[in-house]
Amino acid sequence: MKNIVFIFLLILFSVFFAEAQNGTIKGRVFDEKNNEPLPFTNIIIFGTNIGSTSDLDGNFIFTGITPGFVKLAASSVGYETVISAEVQVTNAKTVFIDIPMRETPIQLEQLVVKASPFRKTEESPVSMRTLGIGDIEKNPGGNRDISKVIQSLPGVASTASFRNDIIVRGGGPSENRFYLDGIEIPNLNHFATQGASGGPVGIVNVDFIREVDFYSGAFPANRGNSLSSVLEMKQIDGNKERLIVKGSVGASDLSLALNGPFSDRTTFFFSARRSYLQFLFNLIGLPFLPTYNDFQFKTKTRFDLKNELTVIGIGAIDKSTLNTGIKNPTEDQRYILNYLPVNNQWNYAIGAVYKHFRNNSFDTWVFSRNMLNNEAYKYQDNNENLPRTLDYVSQEIENKFRYENSSRINEFKLIAGGGGEYAKFNTNSFQQVFIPLAEDTIRSINYGSELDLFKYHIFGQLSRNFNNDRLILSLGLRTDGNTYSENMSNPLNQLSPRFSAALAITEKFFFNFNTGRYYQQPSYTTLGFRNNVGELVNKNNNLKYIASNHLVAGVEYRRNEESKLTMEGFYKHYSNYPVSVLDSISLASKGGDFGVFGNEEVTSSGIGKAYGFEVYLRDKIMNQVDVILSYTYVRSEFKDFNDAFIPSSWDNRHLLNLTMGKEFKRNWNVGAKWRFVGGSPYTPWDINRSSLRVAWDVSRQGYLDYSRFNTLRTGSFHQLDVRIDKQYFFEKWSLNLYVDVQNLYNFKQTGAPNLTTVTDEFGNDLIDPVFGNRYQVKEVVNESGTVLPTIGIIVEF
């Protein structure tokens with residue numbers, strides 16, 4: 001409480017400090033296809049009359065700029081007018097920005113599509129949203145975490161739990177892919193669920209993020225292995241003039257970031273973060289205590305006008321222990337302590353991107369390596385003197401290469417390329433499980449597995465603009481394969497066509513369309529699963545790539561430059577989805593919890609569908625209040641063992657997000673976000689099986705009744721998040737103070753009930769007085785949600 005009072009006193013008294021208003025922007029405009037400078041280009045600060053003109057080398061400069069978030073608009077004869085990505089102007093540093101421009105033939109047409117800050121590409125005219133750095137930095141409840149910020153977008157579901165699972169248009173959390181400056185990173189979150197995407201906090205430091213493109217469909221052909229979404233994160237370059245230091249204290253970590261010049265041609269940035277999440281979790285009484293560390297770096301070297309090299313890296317070390325020191329744990333805490341294992345992870349991704357520009361095209365060469373090391377174990381009764389009931393160690397290693405050529409010839413755009421990959425997976429897994437047979441028995445799953453794969457992909461996409469972009473058509477084709485099996489190695493089995501169209505009906509009204517067939521390789525945990533005699537059982541079961549057919553169509557209305565309204569309908573049909581042999585449940589409904597996903601015997605027999613519609617509005621009320629409104633109606637269903645469609649675990653039906661923000665004088669900013677998520681389906685407990693002592697002692701948690709899979713539904717979830725920012729811009733440094741409060745009115749969602757044993761006053765499980773082979777068990781109300789205030793400090797100099 002004293003810290004909160006101190007921060008507010010600092011905010012109050014610092015209004016008397018002298019603030020400077022002297023930001024500088026430097027940049028360069030160039031032809032996107034060959035990197036040649038564009039002299040005499042007009043550049044203005046978007047939304048103002050403040051302008052500049054580029055010199056013979058394409059360079060321009062703005063001085064005396066009021067600090068804040070700004071965009072630039074660039075226009076030149078023979079080129080399409082461009083609205084740049086958003087940049088943050090401060091007094092602490094000069095902001096650098098490069099603006100690529102597309103050459104366009106000069107035509108006299110009745111209808112010319114005007115430039116807009118709401119960008120879309122020829123390949124993906126629909127189902128793509130772009131987030132600027134302002135959207136990320138000041139998102140209420142987002143805490144500068146990309147995984148949380150994108151939950152405000154249409155089609156993306158959120159949960160009340162402390163997880164960042166990415167659930168897009170009814171697809172599972174394993175159906176997403178993430179790229180950082182064109183390099184794929186397999187993990188977006190700390191304590192990631194192996195084989196899926198979730199975790200409690202994001203791994204990416206947004207101090208260096210320039211903008212984010214989020215695709216919920218219409219994936220370009222150069223991005224594969226995804227069924228629900230692709231997240232493209234683009235980073236800034238290091239400062240060209242001097243070393244910049246930035247330190248921050250946020251919701252869960254301390255951060256130090258450096259960026260500046262290495263030489264005249266090379267810039268860099270580096271950041272490191274250390275969490276104090278374990279203290280926060282202990283404070284609110286959670287029974288597990290996570291600690292994480294992460295790093296992120298980038299160097300960029302411009303050898304000359306035609307050649308440049310970018311090297312990036314990102315990694316994390318995560319350790320999670322059980323909070324067994326809780327005195328008199330509640331039933332909820334005891335439930336989690338009973339089954340949750342200790343989990344330790346480390347991972348990294350490192351890569352290089354080399355670009356070479358030609359006269360009408362440019363080549364991109366991408367080399368990368370990523371690795372995940374995952375360890376989990378569980379002692380019986382959490383007593384280290386007793387045997388382990390779970391002992392799991394696994395590694396995933398990928399070495400990748402990708403080549404792309406992007407060229408433009410008149411109204412045509414062609415992207416083509418291919419790549420290869422060497423992947424290695426190994427695991428040693430021991431787990432005791434209860435199998436209901438004629439005689440109920442305990443069985444030990446105990447196997448080691450090593451798997452080596454060579455993968456390949458080839459892609460091409462041709463786009464054509466008609467009548468000054470009034471009509472845009474794009475046709476793409478891709479195929480993927482690997483050496484896991486004969487079926488997966490055949491490129492014809494994973495042939496992935498896609499087609500997009502965008503029609504400007506008027507200057508303000510557009511129709512957009514996409515259809516395509518997409519493939520995704522099953523997780524390594526599924527590919528490498530073996531039985532106790534060492535057989536790759538899923539290979540024997542003819543495991544296949546998962547397939548999904550997409551159909552998306554929508555309309556778009558732009559009232560003015562600050563406004564955009566879209567309505568989209570979508571339909572996804574899944575086939576070849578892995579289905580568990582043990583419980584006959586599609587893996588599409590799994591992966592939303594901590595641990596490991598997909599390490600079981602499956603068959604590629606799952607059929608499913610997800611469909612619905614989205615409404616998305618971005619506007620400015622009375623030119624003062626920024627508003628983002630999104631509503632999604634979504635159904636997600638998969639066939640059960642009776643060949644009937646039933647709700648998947650992601651069938652929330654209704655998703656509503658309303659975000660509002662306003663800038664006030666003297667650099668104050670206030671924002672609020674309200675979100676509503678419909679109830680999730682869940683499966684009741686199998687009380688008869690769970691109460692068996694031999695069954696309970698193995699897992700220390702109940703067993704679900706899969707004959708009634710997802711027949712019940714949790715209560716709906718909603719919460720209000722509020723954030724207040726105050727920024728100070730001094731002559732040589734800047735200070736940002738913020739208060740962020742999640743779940744302001746302390747809403748508690750009623751989730752699926754927990755099942756636990758009845759205990760005596762000493763915590764011992766009580767045996768059923770009638771049936772001595774059973775425990776007394778009971779269901780416990782499961783509520784989640786609490787007020788979570790955060791104070792943040794960001795200093796840059």
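## Terms and model

A strand, in this report, is a DSSP run of type E with at least two residues, and strands are numbered from the N terminus. The structure described here is a predicted model.

## The open sheet E3-E2-E6-E7

Four strands form an open sheet in the order E3-E2-E6-E7, and their pairing is antiparallel. Strand E3 (51-53) and strand E7 (82-83) stand at the edges with a single partner strand each, so one side of each has no neighbour in the sheet.

Strand E2 (residues 42-45) is joined to strand E6 (residues 72-75) by four bridges, and the two run antiparallel. Within this pairing, Asn42 lies opposite Ser75 of E6, while Ile44 has Ala73 of E6 as its bridge partner. E2 also pairs with E3 in the antiparallel sense, over three bridges. On that side, the bridge partner of Ile44 is Gly51 in E3. Ile44 therefore has a bridge partner in E6, Ala73, and another in E3, Gly51. The hairpin of E2 and E3 has five residues between the strands, and in it Gly47 takes a positive phi near 90°.

In a regular strand, side chains alternate between the two faces of the sheet. For E2, Ile43 and Ile45 make up the covered face, whereas Asn42 and Ile44 make up the uncovered face.

## Strands E25, E26 and E27

Strand E25 (residues 412-435) and strand E26 (residues 441-466) are paired in the antiparallel sense over 24 bridges. One of the opposing pairs is Asn426 with Glu450 of E26.

E26 is also joined to strand E27 (residues 471-482), by twelve bridges, and these two strands run antiparallel. Here Phe466 has Leu471 of E27 as its bridge partner. Four residues lie between the strands in the hairpin of E26 and E27, where Asn467 takes a positive phi near 55°.

## Two buried loop residues

Asn652 is located in the loop between strand E34 (645-647) and strand E35 (653-664). Its relative accessible area is 7%, so Asn652 is buried, the cut-off being under 20%. The side chain of Asn652 reaches the backbone oxygen of Gly678 at 3.0 Å, and a polar contact of 2.9 Å links it to the side chain of Ser680. With neighbours within four places in sequence left aside, Asn652 is in contact with Ala157, Val677, Gly678, Gly679 and Ser680.

Thr714 is found in the loop between strand E38 (712-713) and strand E39 (717-729). Thr714 counts as buried because its relative accessibility is 14%, which is under the 20% limit. Apart from residues up to four places away in sequence, Thr714 touches Gly679, Ser680, Tyr682, Gln749, Thr750, Gly751 and Ala752. Gly679 and Ser680 are thus among the contacts of Asn652 and also among those of Thr714.

## A nonpolar surface patch

Ile621, Met622, Leu629, Leu658 and Met660 form a nonpolar patch on the surface, and together they have about 440 Å² of accessible area. Met660, one of these residues, lies in strand E35. Its relative accessibility is 34%, so Met660 counts as partly exposed, a class that lies between the limits of 20% and 50%. Strand E35 (653-664) also bounds the loop that holds the buried residue Asn652.

Terms used:
Residues are numbered from 1 along each chain as its sequence is written. This is a predicted model: local features need pLDDT of at least 70, side-chain atom pairs count only at pLDDT 80 or more; totals for chains, interfaces and linings use all residues. Side-chain values use heavy atoms; hydrogens and water are left out. Two strands pair if DSSP finds at least two bridges between them. Buried means under 20% relative accessible area, exposed over 50%, partly exposed in between (1.4 Å probe, protein chains only). Contact means heavy atoms within 4.5 Å. A polar contact is a pair of N or O atoms within 3.5 Å; within protein, one must be able to donate a hydrogen and the other to accept it, and residues adjacent in sequence count only if both atoms are side-chain atoms. Patches are made of residues with over 30% relative accessible area and no salt bridge: like charges are joined within 9 Å, nonpolar side chains (Val, Leu, Ile, Met, Phe, Trp, Tyr) within 5 Å. Accessible areas come from the Shrake-Rupley method with a 1.4 Å probe; for residues, only the protein chains shown count as cover. A salt bridge is a side-chain nitrogen of Lys or Arg within 4 Å of a carboxyl oxygen of Asp or Glu.
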